[in-house]
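Me: I am new to this structure and would like a close look at one part of it. Please keep the sentences short and build the picture step by step.

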Amino acid sequence: MKEEFKVISKFIEEKSRVLDVGCGDGILMEYLLKNKVVDVRGLEISKEKVKKCLSKGLAVIEGDAENDLKQFPDLSFDYVILSQTLQAFMSPENVIENLLRVGKKVIVTIPNFGHWKVRLDLLLKGEMPVTKNLPYQWYNTPNLHMCTIQDFYNFCNNKRVYIYKSISLNGKKTSKITSSNLKFKNLISELGIFLLEK
Amino acid sequence: MKSIIIEKTLKLDCGKEISHFPLAYETYGNLNEKKDNAILIFHALTGDQYASGINPITKKEGWWNYAVGPGKSFDTDKFFVICANVIGGCMGSYGPGTIDPLTNKPIGTNFPVITINDMVNAQYNLLDYFKIEKLFAVAGGSMGGMQVLQFVSNFPNKARVALPIACTASHSAQNIAFNELGRQAIMSDSNWKEGLYDEKSTNPDKGLAVARMAAHITYLSKQGLQEKFGRNLQERSDLKFGFDADFQIESYLRYQGSVFVDRFDANSYLYITRAMDYFDLTKQYGGNLSKAFKDTKTKFFVISFTSDWLYPTSENKDIVIALNAIGADVGFVEIKTDKGHDSFLLDVPDFLSTIKNYLNTNYSNFNERRI
């Protein structure tokens with residue numbers, strides 16, 4: 001069980017209705033079903049992964065967030081989860097808007113491009129960073145819109161999206177991100193996990 | 001041949017009423033004591049009740065032999081599978097080929113026009129017959145999928161799981177066009193005689209064969225045809241400059257047409273294609289497909305195929321969208337294959353294994369929860 005998923009599941013209240021966007025193999029969905037007695041749906045773009053999920057009896061539909069979130073009515077889920085895929089969309093802005101339309105609360109995790117190793121790669125080597133969380137070369141990366149925790153904070157402020165909770169994840173260590181430690185957390189976090197509300 | 005006689009009056013969509021009519025069926029596997037392991041499978045246009053094993057009439061494999069049987073997708077070691085011949089069909093159920101006791105001749109075109117709704121309502125009687133309170137699943141591809149959708153909308157609390165496969169909630173203009181082509185082929189055969197041909201003497205075989213040939217093309221994909229036949233010649237090294245079957249694809253289609261007329265009744269073909277054309281579940285619910293499923297707790301698993309252009313993914317997805325709009329429990333996957341619409345009948349391992357796992361997992365989840 002990934003640390004990230006543990007943090008996400010702590011955000012979720014029992015007996016809620018959850019949509020996991022980009023649910024992958026359904027690991028998080030299964031965990032939530034076992035521990036939180038929730039009604040969980042998944043959306044996943046990879047046929048192979050969708051088949052895996054369906055084989056496990058999970059309610060997953062094949063599709064992608066940019067085209068297929070439309071079909072879900074306003075506020076039809078208590079939580080919508082988007083784990084580490086925001087940077088891969090053509091329009092992250094539209095996706096976030098749609099997530100906030102469909103979910104009463106939205107959980108977004110982002111790989112942090114402000115991490116010191118990333119900064120050092122560019123500063124010292126003069127090369128695009130390749131890290132554990134971002135293992136691609138510039139020419140084959142699916143990640144079109146990388147951002148830092150600071151960027152995401154700014155984005156939410158501009159869009160008047162309320163950040164209800166935010167957690168920094170560095171290795172297995174979790175800590176709270178606050179406005180006073182933001183600069184520092186932006187330097188040391190590998191992942192940022194946010195609970196958002198419109 | 002197993003059949004039940006339905007005594008209860010069935011009011012058809014056309015307004016006519018029928019009663020005391022036969023419904024032929026077959027079963028596979030055993031109904032357990034709790035009667036909670038039954039799966040009702042609906043056949044497609046030219047199918048029948050013999051889904052698995054060897055069809056005793058045609059001596060060929062059942063139409064869903066890949067999917068139904070011990071250890072298969074619909075595992076008959078675990079589930080009790082029921083499949084009935086639709087009304088309007090020609091394998092023992094009430095249809096245009098049924099002999100009218102008054103005239104001692106086939107009913108022919110005096111048979112009432114039936115709908116998918118009528119077919120489903122007739123088959124519902126099987127639940128009473130087997131004293132099944134609730135089916136574990138309903139499943140079917142193509143017209144069978146349409147029956148799945150109609151079944152859940154008519155009986156929202158009678159199946160735990162529904163698998164509509166390669167189908168649509170509303171028959172498209174293109175679907176109707178192809179069906180009309182087939183019907184015209186039959187009706188323009190001079191042996192058709194306004195549908196009052198006597199089955200034993202001269203049937204409109206030529207028309208029916210052409211109908212089958214045309215339809216068969218729609219079940220395959222361009223890529224599939226190209227790969228299987230290409231421009232290969234049939235038992236000859238050069239073109240013969242005539243109208244014999246020079247190409248393998250011609251010979252293949254002619255063969256498909258000729259074997260089809262041996263097992264299928266031309267009037268049944270007219271009636272069943274008509275039922276498909278009339279199918280528009282969206283319209284039945286005032287233009288809002290979601291309303292068809294608003295009362296149901298049934299879990300849906302919708303499946304489409306990449307190369308199916310007859311009932312394309314977009315139309316299957318419309319069903320998913322309608323279900324999501326009301327928060328119904330729905331899974332959906334588009335299976336990658338070049339075998340066209342026919343994929344649901346063929347050995348497509350991804351498709352068969354996903355269904356198997358989905359059914360088995362849901363069945364054990366359901367059993368665990370109940371304990």
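How many Å apart do the C-alpha centres of domain 1 of chain B and domain 2 of chain B lie? Please start there, then work outwards to the rest.

Reply: The C-alpha centres of domain 1 of chain B and domain 2 of chain B are 26 Å apart. Bear in mind that this is a predicted model.

Start with how chain B is divided. Domain 1 covers 2–171 + 281–370. Domain 2 covers 176–273. Domain 1 is thus written as two stretches of chain B, 2–171 and 281–370.

The two domains touch. Domain 1 of chain B brings 27 residues to this contact, and domain 2 of chain B brings 21 residues. On the domain 1 side, the residues that touch domain 2 of chain B comprise 11 nonpolar, 12 polar and 4 charged.

Now look at a pair of helices in chain B. Two packed helices are described by the angle between their axes and the distance between the axes. Helix 4 of chain B runs over residues 205–219, and helix 6 of chain B over residues 248–263. Their axes come within 8 Å and cross at roughly 125°. Angles of 65 to 115 degrees count as roughly perpendicular and angles over 145 as roughly antiparallel, so a crossing at roughly 125° falls in neither group. That makes helix 4 of chain B oblique to helix 6 of chain B. The crossing of these two helices is right-handed.

Which residues meet there? Helix 4 of chain B offers Asp205(B), Leu208(B), Ala209(B), Val210(B), Arg212(B), Met213(B) and His216(B). Helix 6 of chain B answers with Leu253(B), Gln256(B), Gly257(B), Ser258(B), Phe260(B) and Val261(B). Sorted by class, the contact of helix 4 with helix 6 of chain B holds 7 nonpolar, 4 polar and 2 charged residues.

Step back to chain B as a whole. Chain B has 10 helices and 14 strands. Its C-alpha atoms fill a box of roughly 70 × 50 × 40 Å along the principal axes. Chain B has a radius of gyration of 20 Å, which agrees with the value near 21 Å for a compact globule of 371 residues.

Chain B also touches chain A. That contact takes 20 residues from chain B and 15 residues from chain A. On the chain B side, helix 9 (313–325), strand 14 (330–335) and helix 10 (349–370) each give two or more residues. Helix 10 of chain B gives the most, with 7 residues. The side of chain B that touches chain A divides into 8 nonpolar, 8 polar and 4 charged residues.

Last comes chain A. Chain A has 8 helices and 8 strands. Its radius of gyration is 16 Å, close to the 16 Å that the globule rule gives for 198 residues, so chain A is as compact as a globular protein of that length. Its C-alpha trace spans about 50 × 35 × 30 Å along the principal axes.

Chain A has a helix pair to look at as well. Helix 1 of chain A (residues 3–11) and helix 2 of chain A (residues 27–36) have axes that come within 11 Å and cross at roughly 45°. That makes helix 1 of chain A oblique to helix 2 of chain A. This crossing of helix 1 and helix 2 of chain A is right-handed. Helix 1 of chain A makes the contact through Phe5(A), Ile8(A) and Ser9(A). From helix 2 of chain A come Ile27(A), Leu28(A), Tyr31(A), Leu32(A), Asn35(A) and Lys36(A). By class, the contact of helix 1 with helix 2 of chain A has 6 nonpolar, 2 polar and 1 charged residues.

Notes: Residues are numbered from 1 along each chain as its sequence is written. Chains are lettered from A and ligands numbered from 1 in the order in which they are written. This is a predicted model: local features need pLDDT of at least 70, side-chain atom pairs count only at pLDDT 80 or more; totals for chains, interfaces and linings use all residues. Two residues are in contact if their C-beta atoms, placed from the backbone, lie within 7 Å. Helices (H or I, at least four residues) and strands (E, at least two) are DSSP runs, numbered from the N terminus. Ala, Val, Leu, Ile, Met, Phe, Trp, Tyr, Cys and Pro count as nonpolar, Asp, Glu, Lys and Arg as charged, and the others, Gly among them, as polar. Domain bounds come from an automatic or database domain assignment. Axes are lines fitted to C-alpha atoms, for helices over the stretch in contact, and angles run from 0 to 180 degrees between N-to-C directions. Angles under 35 degrees count as roughly parallel, over 145 as roughly antiparallel, 65 to 115 as roughly perpendicular and the rest as oblique. A crossing is left-handed if the near helix is turned anticlockwise from the far one by less than a right angle, and right-handed if clockwise. The radius of gyration is taken over C-alpha atoms; the globule rule is 2.2 Å times the number of residues to the power 0.38.
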